[in-house]
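Subject: The structure we spoke about, with notes

Dear colleague,

I am handing over the structure below, and I would ask you to have it open while you read my notes. They go through what was found, one topic at a time.

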Amino acid sequence: MKRCLQVLAGIGLGLILTTNLYAREMVQIKGSDTLINLVQRLSEVYMEENPGKFIAITGGGSGTGIAGLINGKCDIANASRLMKSKEIKQANSRKITPKRIVIAMDGLSVIVNDRNPISKLTKDELGRIFRGEVTNWKEIGGEDMSITLYGRQSNSGTFVFFKEAILKADYSQKMNRMNGNAQIVEAVKQDVSGIGYVGVGYVKKVTGLTVVKVASASGKKYISPLDAEDVKSGKYPITRPLNQYLNGIPKGAISHFIAFELSEKGQRIVEEEGFFPIPSEYSDFNNKNLGM
Amino acid sequence: MKTKFLILMVGMLLTVTFNAIHSFAGEVEILVNKLVDKGILNPVEAQIIMDETKQTVANELAQGKLVSVPGWVQKMTFKGDLRLRYQWNKKEAKVERHRGRYRFRLGAKANVVDKVKVGFGFCSGGTDPRSTNQTMRNTFETPDLRLDYAYMQWSPKAWLDFYGGKSKRKAIIRQNSDLLWDSDINIEGSAFVINKSCGMKTDLLLSFGSLILDESSSDISDPVMYFSQAGIIWKIGNSFSLKPAIAFYDAYNVKGDSLDHSEETNSLDSNDCLIYDYNVVNPELDLAVKTSCSNVPYFALFGGYASNLDPDEDNEGYLYGLKFGDKKVKKKGQWQFKYTYRQLEKDAWLDTFSDSDFYGGKTGVNGSEVILQYALAKNVILGFDYYCSEKINAPVVTEEILQVDLLLKF
């Protein structure tokens with residue numbers, strides 16, 4: 001009898017907890033590996049301040065997040081690239097109306113091993129390196145050693161952004177395609193001949209790497225992605241906005257969380273996580289897209 | 001306000017540029033960058049305009065309001081060349097020949113899926129795998145365009161490639177000369193290629209595979225060739241590099257068979273079938289020096305040896321040479337001089353594969369070759385190639401060839 005009561009009590013407790021969970025408003029977020037740590041932190045602080053709310057976050061890359069939004073598997077897609085026409089077409093066919101907002105700025109950072117004397121490159125040199133046209137560091141003033149390329153997989157928004165902004169063509173077939181930013185950082189730390197690209201949030205506190213200064217063209221000033229002002233003002237040549245895609249103008253819990261991300265407190269967290277707050281131009285852009 | 005005006009301008013431009021999306025996006029980028037340079041826009045405004053433009057184009061495409069170059073075209077890269085040649089031949093006891101010749105090649109490479117590519121190319125010439133030349137003759141006859149290569153390349157790792165189909169031979173079997181392989185030959189079969197950096201400025205090269213030489217509907221013992229090659233590229237300091245390599249070729253089921261396109265200078269029986277196997281060991285060595293002399297920035301010595309293990313005599317070949325000038329002749333003003341001497345005995349190697357310009361691709365020959373190349377402009381190369389070769393055994397007959405080439409790459 002005592003055992004029977006214990007089982008019934010357990011079932012009752014379970015029911016109460018489950019009901020309570022469903023009563024909480026849940027927002028599903030999916031996508032960019034670059035954004036995952038930042039949005040995770042934003043959601044933790046948000047949930048602490050809003051006990052009734054629940055945010056669930058998964059990665060998988062920008063492509064996965066956008067596919068999730070189109071398929072109704074998530075409410076917000078984290079994306080470090082813009083949506084493609086094919087994705088917009090799929091979204092339209094499923095009555096999804098993608099709305100883009102920008103939650104942070106990233107200085108996409110090119111990294112080399114700290115034993116490599118190379119510390120600055122032009123956009124053109126970067127393009128030639130990652131297209132596989134330059135294969136030895138000595139060709140661009142470095143030591144006589146083969147260049148080992150580390151980049152992302154094709155479902156990554158960073159992969160697409162870097163390709164469109166820098167390569168304007170296909171990546172070298174020889175590029176090692178890594179799962180995430182952290183894997184690229186580790187690989188380049190261990191490989192004196194390596195070069196990779198990662199979100200700035202992944203390099204600020206890391207040792208064993210040189211964050212390469214980049215110039216938009218030969219003869220122009222070399223700029224570091226670690227310089228907050230140059231990234232925020234867009235002077236750093238590989239500055240990019242970090243986006244979230246929503247289905248239409250958000251309401252309820254989604255709208256509440258977005259407002260937190262874009263608030264002063266949210267933008268302070270953006271900085272704490274190594275990225276940069278959005279400039280006023282993007283605040284206006286967000287207000288327009290959110291119908292504010 | 002000015003941002004809105006510019007977005008409006010961009011939108012208007014979009015509506016009149018239906019068929020040129022990519023060039024349009026490039027033009028907008030140039031325009032926007034100019035406005036940033038002049039201080040009319042700040043970089044953030046420029047970025048917003050570019051992103052809005054891209055997103056508008058993507059929206060228009062999604063709604064079918066714009067047409068784009070098909071995706072399969074965007075995934076392809078093309079390259080080709082045209083070579084115009086004057087050729088003079090003189091062989092003892094034969095009349096001199098003066099020929100106008102040309103070679104045209106067009107190739108493409110397409111991404112199929114991640115890490116898988118397909119390459120294919122077309123060329124002028126006849127069925128002979130050792131020549132893509134077309135001689136000007138027969139009253140403006142329309143020549144053939146043939147399949148030069150068609151292969152798949154799968155790269156599961158950055159250092160590992162698998163090739164299948166009719167592949168470019170030079171990507172799989174690397175040679176420092178054409179002692180064994182005519183430069184026009186592309187091989188059929190499958191192969192793995194490993195190219196891995198081992199640190200200490202050393203790259204390891206390995207390749208192995210099987211090549212299909214022929215197929216008979218009435219005989220299961222089809223001739224094939226198994227091959228393996230190992231080599232390293234060792235950089236010594238900033239100026240020297242050393243490339244030792246060794247290859248082994250096992251031509252299987254060729255004994256007792258006759259191969260197409262043979263020059264019939266290998267040992268044959270009364271039925272014109274080969275009487276030996278061709279199990280050939282082929283070591284090679286290159287030594288290259290980057291000099292401090294700006295007029296002659298590059299100097300290299302190279303050589304190779306081949307020995308067929310089956311016959312006891314007439315089974316060896318060798319080649320040695322030097323080259324200097326620029327390492328590659330591509331840009332205007334670059335040049336290179338090259339000299340080689342070679343001897344290829346009767347049964348050292350199959351006379352189906354050796355350089356067709358060197359005594360017609362026959363074995364049992366020796367002689368010299370001198371090449372001078374000069375780039376008149378980027379991708380426009382003037383070349384002189386002179387061969388003086390003769391048969392090793394009596395009666396010794398000498399052949400001379402001079403080729404003057406104008407090569408245009410695109």
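How many disulfides are there over all chains? The count comes to zero over all chains. Please keep in mind from the start that this is a predicted model, and that everything I describe was computed from it. Two cysteines of chain B may serve as examples of how a side chain is placed relative to the surface: B:Cys198 is partly exposed, with a relative accessible area of 47%, and B:Cys293 is also partly exposed, with a relative accessible area of 37%.

The two chains

Chain A has 292 residues, of which 52% count as buried, and there are 11 helices and 12 strands in it. Taken along the principal axes, the C-alpha atoms of chain A fill a box of roughly 80 × 50 × 35 Å. Chain B has 410 residues, of which 44% count as buried, and it holds five helices and 17 strands. The corresponding box for the C-alpha atoms of chain B is roughly 90 × 60 × 60 Å. Chain B is also divided into domain 1, residues 2–62, and domain 2, residues 71–409, and the centres of these two domains, taken over C-alpha atoms, are separated by 50 Å.

A helix in chain A

You may like to begin with helix α2 of chain A, which runs over residues 33–49 and so has 17 residues. From its first C-alpha to its last it reaches 25 Å, close to the 24 Å expected at 1.5 Å a residue. At the start of this helix, a side-chain oxygen of A:Ser32 comes to within 3.1 Å of the backbone nitrogen of A:Thr34. Which residues of α2(A) are buried? They are A:Thr34, A:Leu35, A:Ile36, A:Leu38, A:Val39, A:Leu42, A:Ser43, A:Val45 and A:Tyr46. When you look at such a list, it helps to recall that an α-helix has 3.6 residues a turn, so residues three or four places apart point the same way.

A loop in chain A

A:Leu82 lies in the loop between β3 (76–79) and α4 (85–93) of chain A. Is A:Leu82 buried or exposed? With a relative accessible area of 17%, A:Leu82 is buried, because the cut-off for buried is under 20%. A:Leu82 and A:Asp114 are 32 residues apart along the chain, and their C-alpha atoms are separated by 33 Å.

Aromatic rings

A search of the whole structure finds 26 aromatic pairs over all chains. In one of them, the rings of B:Tyr151 and B:Tyr163 have their centres 5.8 Å apart and their planes at 50°, so the pair is tilted. This pair links distant parts of the chain, since B:Tyr151 is in strand β5 (residues 146–157) of chain B and B:Tyr163 is in strand β6 (residues 160–168) of chain B, 12 residues apart. Both B:Tyr151 and B:Tyr163 are buried.

In another pair, the rings of B:Phe358 and B:Tyr387 have their centres 6.3 Å apart and their planes at 65°, so the pair is edge-to-face. Here too the pair links distant parts of the chain, with B:Phe358 in the loop between β14 (335–344) and β15 (365–377) of chain B, and B:Tyr387 in strand β16 (residues 380–391) of chain B, 29 residues apart. B:Phe358 and B:Tyr387 are both buried. The ring of B:Phe358 has a further partner, for the charged end of B:Arg342 sits over it, 4.3 Å from its centre. Elsewhere in chain B, B:Lys323 lies over the face of B:Phe302, at 5.5 Å from the ring centre. In chain A, ring pairs link A:Phe130, A:Phe159, A:Phe162, A:Tyr171 and A:Tyr197 into a cluster.

Two asparagines with positive phi

What is phi of B:Asn138 near? It is near 55°, a positive value in a residue other than glycine. B:Asn138 lies in the loop between β4 (134–135) and β5 of chain B, and at 47% relative accessibility it counts as partly exposed. B:Asn253, which is not a glycine either, has a positive phi of about 70°. This residue, B:Asn253, is found in the loop between β10 (240–252) and β11 (278–290) of chain B, and it is partly exposed, with a relative accessible area of 26%.

With best wishes

Technical notes:
Residues are numbered from 1 along each chain as its sequence is written. Chains are lettered from A and ligands numbered from 1 in the order in which they are written. Side-chain values use heavy atoms; hydrogens and water are left out. Helices (H or I, at least four residues) and strands (E, at least two) are DSSP runs, numbered from the N terminus. The expected span of a helix is 1.5 Å times one less than its number of residues. Buried means under 20% relative accessible area, exposed over 50%, partly exposed in between (1.4 Å probe, protein chains only). A polar contact is a pair of N or O atoms within 3.5 Å; within protein, one must be able to donate a hydrogen and the other to accept it, and residues adjacent in sequence count only if both atoms are side-chain atoms. Rings of Phe, Tyr and Trp (its six-membered ring) pair if their centres lie within 6.5 Å; planes under 30 degrees apart count as stacked, over 60 as edge-to-face and the rest as tilted. A charge sits over a ring if NZ of Lys or CZ of Arg is within 6 Å of the ring centre and within 35 degrees of the ring normal. Domain bounds come from an automatic or database domain assignment. A disulfide is a pair of cysteine sulfur atoms within 2.5 Å.
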